[in-house]
Amino acid sequence: MPEPGYIGALDQGTTSTRFLILDRDGQIVASAQQEHAQIYPEPGWVEHDAREILERARAVIDQAFSRSGLNVRQIAAIGMTNQRETTVVWNRHTGAPIMNAIVWQDTRTADAVARYAALEGQDRLRARTGLPLSTYFSALKLQWMLDHVEGARAGAERGDLLFGNMDAFLLWHLTGGPGTGVHATDVTNASRTQLMRLDTLEWDPELLALFGIPSGMLPAIRSSSEVYGELTTTALAGVPIAGILGDQQAALVGQTCFHPGAAKNTYGTGCFLLMNTGEARVSRHGLLTTVAYRFGKQPACYALEGSIAITGALVQWMRDNLGLVERSDQIEALAGSVTDNGGVYFVPAFSGLYAPYWKESARGLIVGLTRFTTKAHLARAVLEATAFQTRDVLEAMEQDAGCALPRLRTDGGMVGNDLLMQFQADILQREVLRPAMRETTALGAAYAAGLATGFYRSLEDMTANWRIDKIWTPAMSAADRDRLCRNWKKAVERSFDWLDDEPRSNG
């Protein structure tokens, strides 16, 4: 029997879930995608219905497989990648979540962050976890669920409840659910919980005690590339699930950034700039230290990460909340109808500011408005905010790494926006590259699964697939660049500490 010639990738993102079937060259053979609801119960709260996401995952697997015209024996394995930090708690006997998933952008735990930070500072856990205290990560979300859902803490202590980020929830259900489901996560997702030690890659009992988390809820921590189990309830029943990576680490792998110093920036709901640091794990300039990947029994590889909460989501917000455009893809033409931003700057601190500032109390603002301002200037300010935030993170990353990045690899939904990419090259004063294969997050998950099953035999097999689609080179004068960046910094500083110290309701 010939060897399987195809591999699958389940990409569970913040706004949608997709499944891709790819050939050995990393080219898409078939795909399917479905969106899921964004739930906003209160200002600053963001939730997803985990059951809906599970239904979407099963549906897109079946749809893409049907469209491919392949048979099951031709699929070597599937990899999974997922929105990180989004927290789910479910009943091990029924599989039902105890409430909606709390999404990574959610800020309901801001008071808890302040309470823990008041003791020893916001960076008290950085040495162990690589992460500052923040609403971003899973631990405080999980604590909130246990404290606010009736009976949850008692159920967790009895062993009735399981916890995971979206990868663990999907893996458990897709491998059989109650009785047979595999309760595991990979090191990249575990590194985003603020409960795992970076040096040992194990759950930290002292951190579990600090946050009041029963250890029996936690998934087993596994590598990013190994066979976890087999699909059971889809058209691909019997196909192994053999790779798991958090979405930004998956994009790093998909961009084949396998050597220290290689970096990529993903332009999606938020922006996430990651640099491979090999076995080094330290940040002194407001970045996160995270696990980049661990392939099988090889040593873990680490990365510096600059996380930006709102980039593509700002375009969606302008479309849905303000009606600035009817479709997201219209933003480029509108922004391009003016030659500059007209002095307008938009700081999208809707969930506070992430790297490199880590200001939970910052909030979004628009500055520089005059009677001259039009919606085209606002549209341009929306796109430019993404590039400015990326520059802030890149500056911090270069300080941490002690070297300059000569060029930046990009991916994600916004890289099709030529105006944004040119402005990014201008404001960074370096080349910006777009790969021929833009679905790098799904591709990274497929690569991890392919390594585990022998579909790919080496990192060189995957590196050979990477090709450039387009390069943007800087064309802006130094004076214009300095003026724009100086005004951007002023706008960011004005967003700091917008929220006062009055207690916020937790519902």
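A residue counts as partly exposed when its relative accessible area lies between the 20% under which it would be buried and the 50% over which it would be exposed. In this predicted model, Phe 496 has a relative accessible area of 21%, and so falls into the partly exposed class.

Aromatic contacts were then examined across the structure. A pair of aromatic rings is described by the distance of the centres and the angle of the planes. The count comes to 23 aromatic pairs. One of them joins Phe 137 and Trp 358 in a tilted arrangement, with 6.4 Å from centre to centre and 40 degrees between the planes. Because Phe 137 belongs to the loop between α3 (126–129) and α4 (138–148), while Trp 358 belongs to the loop between β17 (345–347) and β18 (365–367), this pair ties together parts that are 221 residues apart in sequence. Phe 137 is buried, at 1% relative accessibility, and Trp 358 is likewise buried, with a relative accessible area of 6%.

Tyr 357 and Phe 496 form a further tilted pair, for which the centres are 5.7 Å apart and the planes meet at 55 degrees. This pair, too, links distant parts of the chain, since Tyr 357 is placed in the loop between β17 and β18 and Phe 496 in the segment after α16 (478–495), 139 residues apart. Tyr 357 is partly exposed, with a relative accessible area of 24%.

Ring pairs also link Phe 137 and Trp 358 into a cluster with Trp 104, Tyr 136, Phe 272 and Tyr 354. In addition, Arg 24 lies over the face of Phe 455, at 4.1 Å from the ring centre, and Arg 108 over the face of Trp 45, at 3.9 Å from the ring centre.

Methods
Residues are numbered from 1 along each chain as its sequence is written. This is a predicted model: local features need pLDDT of at least 70, side-chain atom pairs count only at pLDDT 80 or more; totals for chains, interfaces and linings use all residues. Side-chain values use heavy atoms; hydrogens and water are left out. Rings of Phe, Tyr and Trp (its six-membered ring) pair if their centres lie within 6.5 Å; planes under 30 degrees apart count as stacked, over 60 as edge-to-face and the rest as tilted. Helices (H or I, at least four residues) and strands (E, at least two) are DSSP runs, numbered from the N terminus. Buried means under 20% relative accessible area, exposed over 50%, partly exposed in between (1.4 Å probe, protein chains only). A charge sits over a ring if NZ of Lys or CZ of Arg is within 6 Å of the ring centre and within 35 degrees of the ring normal.
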